[in-house]
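I set out to record how far this model can be trusted and how one pair of helices packs. My entries follow.

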Amino acid sequence: MFSTPLTTIPSLQSFLPEMVELLNSAVLATKSPKLIKAVAAAFFNIARLSLEESVAPDEDEIISIVVALVESLKNMRVNETEKKDPELERLLVVCLGGFILLGRDSEGTKEILGGVEAIDVLKGIEGALAGEVIGLIEGL
Amino acid sequence: MIDGVFARPPSQPIAPPTSTSTIPPPSFPTAQALDTIKYPASVSDFNDIITSSKMSVAFFTSATCGPCKMIEPHYRSLSKSRTNIKFILVDIGKNYALGQAHGITATPTFKTFLNGQQFAEWKGANKSALDDNLSRLIEAARPPLPPNLRGHYSQSPILFPRSPPMEKVLSQLPDNIFPKPMLQSISTFLGKKEDTHVLVPPLSNWAEIQRKLDYDLENAWMVVDLLRAAMSDKRVSGWFAIDGLSTIEHIVKRVHARDEKEWQLRVVTVQLVHPLYYRLIIDRELVFNAVDYYPKFTILSA
């Protein structure tokens with residue numbers, strides 16, 4: 001028996017830019033937890049597949065995803081009135097870590113992480129996972 | 001003597017080709033439309049390919065090499081499933097200079113390259129060795145994950161398999177989207193998804209309906225949601241991952257162009273794409289032999 005992904009990042013390439021835009025605009029514009037969860041899951045799946053296949057999406061896509069993820073984490077912390085969802089927050093941090101690794105050779109990704117104050121946002125999140133992602137940013 | 005290696009006898013030296021300006025692809029029976037293999041005509045072409053790709057593999061073959069012919073179909077199948085790697089094929093009988101430049105003394109010889117640098121070299125028509133070396137190449141190209149992140153990324157893809165309440169959907173679905181027998185087939189299928197004996201609705205018809213759908217319709221999201229629910233079945237997602245990918249692309253592009261406030265349509269569209277990340281654990285021959293693969297899915301979805 002043998003396992004192989006039927007869908008690969010190159011095969012998704014024809015509509016990945018629209019998909020990423022759809023996800024980014026959704027996560028930035030909505031307060032619907034259902035939509036944010038769906039988007040975070042999609043980011044996770046894209047990062048997971050990319051890491052598994054050792055192939056990264058384009059730099060522009062990585063940068064826009066990183067911005068959307070950091071802004072989404074900021075929004076979650078600003079909206080104090082809303083019920084906290086630690087699981088969703090953790091998933092967003094996992095996605096952020098994955099895309100930082102995928103964009104580790106990109107100068108643009110390094111710059112944007114500084115611009116959106118990713119480290120400050122992550123410092124406000126408890127747990128070893130956020131510390132690990134801070135370590136990744138500092139190691140770039 | 002390395003097992004499986006077809007060494008060229010000294011009495012049959014590799015003859016320099018008369019011309020290296022154009023190296024036609026070898027005569028393989030597979031459809032050229034599906035052929036993703038590169039055939040470099042010169043050392044410079046070869047170097048361009050390996051430096052423009054993070055991962056690549058080269059198969060050095062020759063017309064008289066019997067073991068090469070045995071492993072060729074497997075190599076070609078891998079080139080279709082491992083699209084993250086550039087696959088190169090060099091007939092050293094026709095491209096003497098390339099064979100010489102790479103020190104090829106026997107065929108088949110394989111070489112993998114990571115960021116343009118040689119990563120591994122081996123000889124012999126051994127399928128397992130080819131699979132293992134490609135896995136090692138991918139592993140080497142993968143960025144090192146810290147422990148917590150590694151734990152998360154070793155988990156399965158996140159999916160949304162829940163079926164919608166069919167009674168509610170049927171009462172609110174826009175009229176005349178689906179022919180009645182088709183809707184009945186979808187309803188039966190989604191009601192008994194866990195039962196693998198239930199026939200999958202005709203997928204090419206369903207894909208055509210999705211492509212013609214006017215997303216201006218009220219409750220258009222429900223039409224996408226039906227497909228989203230069906231996609232949790234591996235037979236459906238398997239078909240859409242290959243034959244129906246253009247339909248998924250169409251839906252994503254149409255929804256992307258719609259108003260951002262239509263969040264229900266966006267949620268189900270985002271969820272629709274998730275099952276494409278399934279890793280199917282299926283028989284090697286089923287995946288790698290496209291000739292077998294397509295009819296089997298057609299039968300399953302008939």
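I looked first for weak stretches of this predicted model. Over residues 279-302 of chain B, pLDDT (the predictor's confidence in each residue, from 0 to 100) stays under 50, and the model has 36 contacts there beyond four places in sequence. I took two residues to be in contact if their C-beta atoms, placed from the backbone, lie within 7 Å.

I noted the conventions: residues are numbered from 1 along each chain as its sequence is written, with chains lettered from A and ligands numbered from 1 in the order in which they are written. Local features need pLDDT of at least 70 and side-chain atom pairs count only at pLDDT 80 or more, whereas totals for chains, interfaces and linings use all residues.

I then read the averages for chain B: its mean pLDDT is 79, and 79% of its residues reach 70 or more. Over residues 1-33 of chain B, pLDDT is below 50. I keep in mind that coordinates predicted with low pLDDT should not be read in detail. For the complex, I copied an ipTM of 0.88 and a pTM of 0.74 from the predictor.

I turned to helices α2 (residues 16-29) and α4 (residues 59-78) of chain A, whose axes come within 9 Å and cross at roughly 15°. Helices are DSSP runs (H or I, at least four residues), numbered from the N terminus; axes are lines fitted to C-alpha atoms over the stretch in contact, with angles from 0 to 180 degrees between N-to-C directions. The crossing angle therefore makes α2(A) roughly parallel to α4(A) (under 35 degrees).

Terms used: Helix = DSSP H or I, 4+ residues; strand = E, 2+ residues; numbered from the N terminus. Parallel < 35°, antiparallel > 145°, perpendicular 65-115°, else oblique.
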